[in-house]
Amino acid sequence: MNVQRITPVLVVESVEDCLSFWTDRLGFVKVAEVPHGDRLGFVILTAGATELMLQSVASVRDDVPGGGAAAERASLFIEVADLAAVQRALGDWPRIVDQRDTFYGMRETIVTDPAGNTVLFAQRLTPRA
């Protein structure tokens, strides 16, 4: 098996309610969208080489037989080069953990996105050897 890429798909009640968190605060760019009725059913967001997808529960229910019974939650671990820049971008967004240094060499800030997914941003404290 040769995995080329893994892209997280966050299943959310409302794509519209989550979009500005990712675009306005964190600088992701919406590169594709798929309507679902009169709402957004799906979007692809990018930030550099990183890709993230948001899909509404209603869209999942129509796409995947038996899917979307309840909004699924995910946790994202996002390694960044400058945690202070992420913290500034988050502004007054509530933190689960404002900042901590870990035994495994990361400085971290943890938030919850508008859909309830945990998003952990981490900066390596010492460069990789």
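Buried means under 20% relative accessible area, exposed means over 50%, and partly exposed lies in between, as calculated with a 1.4 Å probe and protein chains only. The model shown is predicted, and local features need pLDDT of at least 70, side-chain atom pairs count only at pLDDT 80 or more, while totals for chains, interfaces and linings use all residues. Residues are numbered from 1 along each chain as its sequence is written, and side-chain values use heavy atoms, with hydrogens and water left out.

**View A. F77 and a nonpolar surface patch.** F77 belongs to strand 5, residues 75-79, where a strand is a DSSP run of E with at least two residues, numbered from the N terminus. With a relative accessible area of 46%, F77 is partly exposed. Together with F103 and Y104, F77 makes a nonpolar surface patch of about 420 Å²; patches are made of residues with over 30% relative accessible area and no salt bridge (a side-chain nitrogen of Lys or Arg within 4 Å of a carboxyl oxygen of Asp or Glu), and nonpolar side chains (Val, Leu, Ile, Met, Phe, Trp, Tyr) are joined within 5 Å, like charges within 9 Å. Accessible areas come from the Shrake-Rupley method with a 1.4 Å probe.

**View B. The open sheet of strands 5, 8, 7 and 6.** In this sheet 4 strands are arranged in the order 5-8-7-6 with mixed pairing, where two strands pair if DSSP finds at least two bridges between them. Strand 5 and strand 6 are the edge strands, each pairing on one side only. Strand 5 runs parallel to strand 8, with 5 bridges between them, and S75 stands opposite T118 of strand 8.

**View C. Strand 7 and its two hairpins.** Of the 7 residues in strand 7 (106-112), 5 are buried, so that the strand is mostly covered. Strand 7 pairs with strand 6 (residues 95-101) in the antiparallel sense over 4 bridges, and V97 has I110 as its bridge partner. In the hairpin that these two strands form, 4 residues lie between them, and G105 in the turn has a positive phi of about 85°. Strand 7 is also joined to strand 8 (residues 118-124) by 7 antiparallel bridges, with A122 as the bridge partner of E108. This second hairpin has 5 residues between its strands, and G116 in its turn has a positive phi of about 95°.
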